[in-house]
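Biologist: Please pick one part of this model and take a close look at it with me. Then connect it to whatever else you can. Keep it brisk.

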Amino acid sequence: MGNMKYHFNEIEKRWQEYWAQNQTFKAENNSSKPKYYVLDMFPYPSGAGLHVGHPLGYIASDIYARYKRHKGFNVLHPQGYDSFGLPAEQYAIQTGQHPALTTENNIKTYRRQLDQIGFSFDWSREVRTSDPKYYKWTQWVFARLFDSWYDRDTDKARPISELMDRFQREGNKTVNAVCDDDVEYFNADDWNGYSTGERQRILLKYRLTYLAETEVNWCPALGTVLANDEVVNGVSERGGHPVIRKKMTQWSMRITAYAERLLQGLESIDWPESLKESQRNWIGKSVGASVRFNLKDFDDIIDVFTTRPDTLFGVSFMTLAPEHELVKKITSEGQREAVEAYVEATARRSERDRMADVKTISGVFTGAYVEHPFSKEPIPIWIGDYVLASYGTGAVMAVPCGDQRDYDFARHFNIEIPNIFEGVDISETAFADKENTIIANSDFLNGLDYKAAVKRVIEGLEQIGQGEGTINYRLRDAVFSRQRYWGEPFPIFYRNGLPELIGAEHLPLLLPEVEKYLPTESGEPPLGRAKVWAWDTEQNKVVDNNLIDEQTVFPLELNTMPGWAGSSQYFNRYMDPHNEEAIFSQDAINYWQQVDLYIGGSEHATGHLLYSRFWQKFMFDLGLVPFDEYAKKLINQGMILGTSAFAHRVEGENKFVSFDMLDDLSSQPIHSDVSFVNASDELDIEAFKAWRPEFKKLEFELNKDGVFKVSRDVEKMSKSKYNVVNPDDIIERYGADSLRLYEMFLGPLEQYKPWNTAGISGVFAFLKKLWRLYVDDNGIRVSDGNPTKDSLKTLHKTIKKVEEDIENFSFNTSVSTFMIAVNELTAQKCHNKEILEPLLVLISPYAPHIAEELWHLLGHEESISLAPYPQFEEVHLVESTKTYPISFNGKMRFTMELSLDLSKEEIEKAVMANEKTQEQLAGREPKKVIVVPGKIVNIVG
């Protein structure tokens, strides 16, 4: 047989080629087998490629997908690329290289790296969000949203054409819709008398995607609007650039229509509780009252939402968000300068930053007042950055005696703090315990507890027309415009300044060419640089901008869609990715139905995982999908952390000192690339100096052994921390099967765990030991024949444990189970086919290449991935025999293995018939034979 050593590089390459050529993992859209859909969050193909932290979730899902195939399921396990994104665009700005080219190159790297890890993806279904054949359908869903409104009566989205029919017949007074706040009532005659433009303006207030002037996170350095979850501590998550708040006309999605359904849907899906809680908090449901305060000396009113209407008589001031639309109008001349300075300072802070800052107390009096709805007393209006325009109404009725933040604000600015609680001291702190509240100093509410007072005050507000009971959600409509080039173009042109859809039959609307990827000098998005970016409504095609005539040729939308657009239906498109007539066929969606298992990071909790649920519910309302939740079960994999290395430079001196020699010296830790450090934490000083030339002339003080030690710390694995480990290197040295097993072996899937390359050698040694069970220098050493009871026991306890582990996603414990099994079988000198063949199927989901190779060497023609999973048989774990100690006058002389089924008499008979018993007795008759079944035999002579 030649050299039969474990040449993992050759083996892995051979089987990866075999799977690709034979399309081993291609799923069919119909099958007599039960279906199972395993999905990974598809990656953004970045320039750096994968590091060892990235494949963690993919390995787990691949093990599960391969396991389900062994169990007889038709498994859909697709992969693709979320390939629109900011990094490729920024690279384009720096180098002029088209983002499509950058993306294509990056995808090649990703594909090579994914292939060499041995994933069982069905690549025939690959999607790329930046492929026009794919984003045609993203544009199509946008168009369906534009053509829909949300009917509160039926609690679902409906076609806008139905709404137009109702307006024509009866106006809008009976329409119970989710719509803009400033909708005015009209009757059928009014509607029928409106111009086309007036009707379109009204419909925009109802559409599920609409144009609105909104406060946005504007990042001048990136030239784009960022979502709230892309802003951290007032700067962009990407690049750390300053972010300011400003008003812009933007596309928005009316996700708020689905707030209650998004909350309720969480009860029906098996997702991590912490992730559900993140979504619940983001949606932020609260029950209370809406109160209308009349402005003094103005005709306007200020609406306030409060969860504590029972404390209405404790209001001593009102705080508006600095960006509230009335601030400019109501500010008195004496306060104008201070107010404008405060508004400007607030615009430089992100909402998240303002929400997180609970220590700073700041605000300015506007000089204006509102009137208390019942007492008619004047209440001063302040502005403060702890109130956000985007939450509720952007106005807060401040009750300092009942709210600590209001209390601190009132104390700070010497505002009155009236006490409306019976028998409560508020001289030091506010009283917020609503369950133990009895109201006082509150007119008709005196003596009532919290619940009774809430009911009574809402009745009172409704009687005088100044409020009502209401439910509020923190969730805001999602801004859907980005001022970027590399994203989906909107299928929208503008006639007389109003948006109109390009017909579905003319999609996709392709991204135009531009000479630069920056915003224009006048501040328009990059698409403003396109010379051929107008829509001809007669020819139904894109034409030169010079032809815009406002009769038949119109300007196209200049914004592009955000990053989450392409990922909001990709899981359904995988079911039928080559369909050019529909986003997917009804046959495909009704066969695959839902994702059975979705694995991805928890960082998407309030981004992709919320928006995609919203789009799914919308698609459900249209009757296009059978379920309004798309993923039955979701697992958030933890993160593999890097082990960073630090060389220590002595503070104020031009020298580095070995970490173990620092003692009390104060030092500055400086990241070293981990590739310069060996397993004993010793730094290659020359490599470090060559990498950081500024340290070339510095002294490096070694320890007493003549080496320079670094310190270690566990951090997120990232290029900026120089602690990235490339899977290519690991695979080259140890093989993909070692990488797969080691990533699982590091610890429970959901936990965060540090990478340590030194640890992989244990897993590698296990694979070599596994190989030697099957193969020696002369070739295959597996034989037929009857296995021993011990070997059967080892196999079946392994089957039982590994199956339980996989079903519980406890992959780390499976790896140790395999190690124990191989150690036991090696000790048993087991080379039996009846044991070793099923063992390969068990190991195959984890280490598929070595399993395929050994399976093939055992004489199989077909891939091991098609082999049925071994059946666990309890009988092999039941102890069927007992090794009895045989004693004479209490002294053990020898042992006998006997069946546990034997009766006392049968045991005695077997023992007496044994030659060794006869030797011991030497012809004497025993006085008696004591037999305790399952325990001992004692012969008394």
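Modeller: Two strands pair if DSSP finds at least two bridges between them. Keep in mind that this is a predicted model.

Start with the hairpin of S19 and S20. Strand S19 covers residues 492-495 and strand S20 covers 498-501. The two run antiparallel, joined by 4 bridges. Arg495 has Leu498 in S20 as its bridge partner. There are 2 residues between the strands, and Asn496 takes a positive phi near 55°.

Another hairpin is made by S3 and S4, with 4 residues between them. Here Asp155 sits in the turn, and its phi is positive, about 55°. Strand S3 (residues 148-151) is joined to S4 by 4 bridges, and the strands run antiparallel. Ser148 stands opposite Pro159 in S4. Tyr150 faces Ala157 of S4. This hairpin belongs to an open sheet of 3 strands, in the order S4-S3-S5, with antiparallel pairing. S4 (156-159) and S5 (177-178) are the edge strands, each pairing on one side only. Strands of a sheet pair through backbone hydrogen bonds, either parallel or antiparallel.

Now to the helices. H25 spans residues 833-843 and is mostly covered, with 9 of its 11 residues buried. The buried residues are Ile835, Leu836, Glu837, Pro838, Leu839, Leu840, Val841, Leu842 and Ile843. What do they pack against? The partners are helices H2 (56-70), H22 (760-774), H23 (789-807), H24 (811-827) and H26 (848-857). At the start of H25, Asn832 has a side-chain oxygen within 2.8 Å of the backbone nitrogen of Glu834.

Leu770 gives the view from the H22 side, as this residue lies in that helix. Leu770 counts as buried because its relative accessible area is 0%, and the cut-off is under 20%. Setting aside neighbours within four places in sequence, Leu770 contacts Val822, Leu839, Ile843 and Ile850. Among these, Leu839 and Ile843 are also buried residues of H25. An α-helix has 3.6 residues a turn, so residues three or four places apart point the same way. Tyr473 is elsewhere: its C-alpha atom is separated by 58 Å from that of Leu770, with their positions 297 residues apart along the chain.

H26 has a further partner, H1 (residues 8-22). Their axes are 9 Å apart and meet at an angle of about 85°. H1 and H26 are therefore roughly perpendicular to each other. On the H1 side, the contact uses Ile11, Glu12, Arg14, Trp15, Gln16 and Trp19. H26 supplies Pro848, His849, Glu852, Glu853 and His856. By class, the contact has 4 nonpolar, 3 polar and 4 charged residues.

One last residue is Arg613, in helix H18 (residues 608-621). Is Arg613 buried or exposed? Arg613 is buried, with a relative accessible area of 0%. Beyond its neighbours within four places in sequence, Arg613 is in contact with Arg261, Leu262, Gly265, Leu266, Ile269, Trp271 and Gln279. Asp628, Glu629 and Tyr630 are contacts of Arg613 too.

Notes: Residues are numbered from 1 along each chain as its sequence is written. This is a predicted model: local features need pLDDT of at least 70, side-chain atom pairs count only at pLDDT 80 or more; totals for chains, interfaces and linings use all residues. Side-chain values use heavy atoms; hydrogens and water are left out. Buried means under 20% relative accessible area, exposed over 50%, partly exposed in between (1.4 Å probe, protein chains only). Contact means heavy atoms within 4.5 Å. A polar contact is a pair of N or O atoms within 3.5 Å; within protein, one must be able to donate a hydrogen and the other to accept it, and residues adjacent in sequence count only if both atoms are side-chain atoms. Axes are lines fitted to C-alpha atoms, for helices over the stretch in contact, and angles run from 0 to 180 degrees between N-to-C directions. Angles under 35 degrees count as roughly parallel, over 145 as roughly antiparallel, 65 to 115 as roughly perpendicular and the rest as oblique. Ala, Val, Leu, Ile, Met, Phe, Trp, Tyr, Cys and Pro count as nonpolar, Asp, Glu, Lys and Arg as charged, and the others, Gly among them, as polar.
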